[in-house]
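Hi there,

Here is the structure I promised to pass on. Have a look at it first, and then read on for what turned up in it.

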Amino acid sequence: MNLVTTELHSPRPRFRTATRVAIVGAGFSGTMLALNLLEQADVEVLLIERDRHRMGAGVAYSSSESAHLLNVRAGNMSAFADRPDHFCDWLASRGLGCDAAFVTRSTYGRYLREALGDAMERHGRRLKLVDDEVLDIEERGGQVTLGLVNGGLIEADRAVLAIGNLPPHDPPAIAGAHLPSHRYIGDPWASAFEEGLPKDAPVLVIGAGLTAVDVILRLVTHGHEGPITALSRRGLRPHRHIDGLPRPKPVLAKPAPELSDLVGWARAEARRQDWRLVVDSIRPITQMMWASADAAKRERFLRHLRPFWDVHRHRLAPDVADRIEALIASGQLRFRAGKIASVAVERDALAVSWLPRGDDELVVTRAARMINCTGPQGDLLRSTDPLVKRMLGARRIRPDALRLGLDIDRDGHVIDAKGHPSEHILAIGPMTRGDLWEVVAVPDIRIQVGALARRLVNAHWMGGEGL
């Protein structure tokens, strides 16, 4: 089935009674909002995605690499909150795994695309997929108008930004430098960074989180045999999942008086049980603690504690952790802690000068290729995305106080430069982390889109987490 329609959408008919919602972005957030909305009566959904190959899967689940696994067990990856076994049943029907498995991200992308295809068959003309790019969104006359790259216009009652993560920002020592594009890869998800690289050439990976792990595995899967150095400020790397642990007991009340005390509390609890159970147990209240903290406390958390939180919170599938540890044991991969001071272009390499953590003498590492793996960022003011730039320039959106993403109100409406919430433009997904903090994983986004879908159609009375 061809899931994409490229028909030009004219302004909405004058006497239409259904609520029309235009969703910008068809990754997990946008796709799941569409599926939630379609469960309500009298809703028409337009799902707009500029990259047709990512329709329904987005960047996260479009990878075709067999080494790229989900970092959450399949049993917690159902797209539907009221059907927790949906993904496992889908896997079992195809002989692809079980609820304890860490399946490939491409498999999960296939699952989402099939869910979208099923929705098209069931809901017919109420769902339209638009293969185009949105350049601007304006509010006027009690509705929104979206301008497309192809010159068309879409009119709707609401527009929802589900634009996912922004590409990584260049590290400060590199920003503004004119480095050769075959030497420095600024966005690994927008480049075939392994192409043209001699298999024994040294590679420098900037960052040591999940993006870095993905890039390292892609390099070695494609036959790279040269040394790889992963450089980050603290040298921390994600920990592994452990099989056979009991289910964590949810913590439903604040276990620490302040957000900044959370890590100390977790360390104390981890002396009594596995730290993974401790971190997982506080998931129900992390958004509450974030919401109750003021901007200064949030900033302290991000500056001092976020790196430690991330490597414990976002873990590796056991098979992935095994491969990384084997690369370290072989000497091919090294994780180093330090800060880049400068980069010089040489004839056949980049000479990267960096200061090791806790030291005062620079070290020079030469790399045939340097890959920015600092992970997705959210500073709108540094974005090159045409829609973000246009809406910022028109003062229709603004960054949140910590520049983690879009500034929104408690109901998800974007806030303009004057501090006024929009009536008809909303946002979901990772770009709302400034308000919610933990809104990057499937279970968190599943809750967010379910609640927003009910608000958009005034179905607040509905219980449950999502559909």
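A word on terms to begin with: a residue is called buried if its relative accessible area is under 20%, exposed if it is over 50%, and partly exposed in between. Please also keep in mind that this is a predicted model.

**Strand β3 and its partner**

With that cut-off in hand, let's start at strand β3, residues 127-131. Which residues cover its two faces? Leu127, Leu129 and Asp131 are on one side, Lys128 and Val130 are on the other, and all are buried. Since five of the five residues are buried, β3 is largely enclosed by the rest of the structure.

The strand also has a neighbour to look at. β2, residues 43-49, runs parallel to β3, and five bridges join the two. If you want a place to see this pairing on screen, go to Leu46, whose bridge partner in β3 is Lys128.

**A small sheet**

Next comes an open sheet of three strands, in the order β4-β5-β6 and with antiparallel pairing. Its edges are formed by β4 (134-140) and β6 (153-156); each has a single partner strand, so one side of each is left without a neighbour in the sheet. On average, and ignoring direction, neighbouring strands here are turned by 20 degrees against each other. Between β4 and β5 (residues 143-148), which run antiparallel, there are six bridges. Glu139 is a handy marker for this pair, as its bridge partner in β5 is Val144.

**Helix α1 and two packing partners**

Two packed helices are described by the angle between their axes and the distance between the axes. Helix α1 (residues 28-38) gives us two cases.

The first case is α3, residues 105-123, which packs against α1 at an angle of about 30 degrees with the axes 11 Å apart. Angles under 35 degrees count as roughly parallel, and α1 and α3 are therefore roughly parallel to each other. Their crossing is left-handed. On the α1 side, the residues that meet α3 are Phe28, Thr31, Met32, Leu35 and Leu38. They face Tyr108, Leu112, Ala115, Leu116, Ala119 and His123 in α3.

The second case is α12, residues 442-456, where the angle to α1 is about 40 degrees and the axes are 9 Å apart. α1 and α12 are therefore oblique to each other, and this crossing is right-handed. From α1, the contact takes in Phe28, Ser29, Met32, Leu33, Asn36 and Leu37. From α12, it takes in Val442, Ile445, Arg446, Val449, Gly450, Leu452, Ala453 and Leu456.

Arg446 deserves a second look. This arginine lies in helix α12 and, at 9% relative accessibility, counts as buried. How far apart are Arg446 and Ser29 in sequence and in space? They are separated by 417 residues in sequence, while their C-alpha atoms are 7.8 Å apart.

**The loops around α10**

Most residues other than glycine have a negative phi. Two arginines in this model have a positive one: Arg395, with phi near 65 degrees, and Arg403, at about 55 degrees. Arg395 is found in the loop between α10 (386-393) and β15 (413-415), and Arg403 also has its place in the loop between α10 and β15. At 43% relative accessibility, Arg403 counts as partly exposed.

On the other side of α10, Leu381 lies in the loop between β14 (369-372) and α10. Its relative accessible area is 48%, so Leu381 is partly exposed. Leaving aside neighbours within four places in sequence, Leu381 is in contact with Leu392, Pro399 and Arg403. Leu381 and Gly405 are 24 residues apart in sequence, with 9.7 Å between their C-alpha atoms.

**Cysteines**

Last, the cysteines. How many disulfides does a search of the whole structure find? Zero. For Cys98, which is in no disulfide, the nearest cysteine sulfur is that of Cys88, 7.3 Å away. A disulfide would need the two sulfur atoms within 2.5 Å. Cys98 counts as partly exposed, at 42% relative accessibility, whereas Cys373 counts as buried, at 2%.

Happy browsing, and best wishes!

How values were computed. Residues numbered from 1 in each chain as written. Predicted model: local features only at pLDDT ≥ 70, side-chain atom pairs only at ≥ 80, totals over all residues. Heavy atoms only, no water. Buried < 20%, exposed > 50% of the residue type's maximum accessible area, 1.4 Å probe, protein only. Helix = DSSP H or I, 4+ residues; strand = E, 2+ residues; numbered from the N terminus. Pairing = 2+ DSSP bridges. Axes fitted to C-alpha atoms, helices over the stretch in contact; angles between N-to-C directions. Parallel < 35°, antiparallel > 145°, perpendicular 65-115°, else oblique. Left-handed = near helix turned anticlockwise from the far one by under 90°. Contact = heavy atoms within 4.5 Å.
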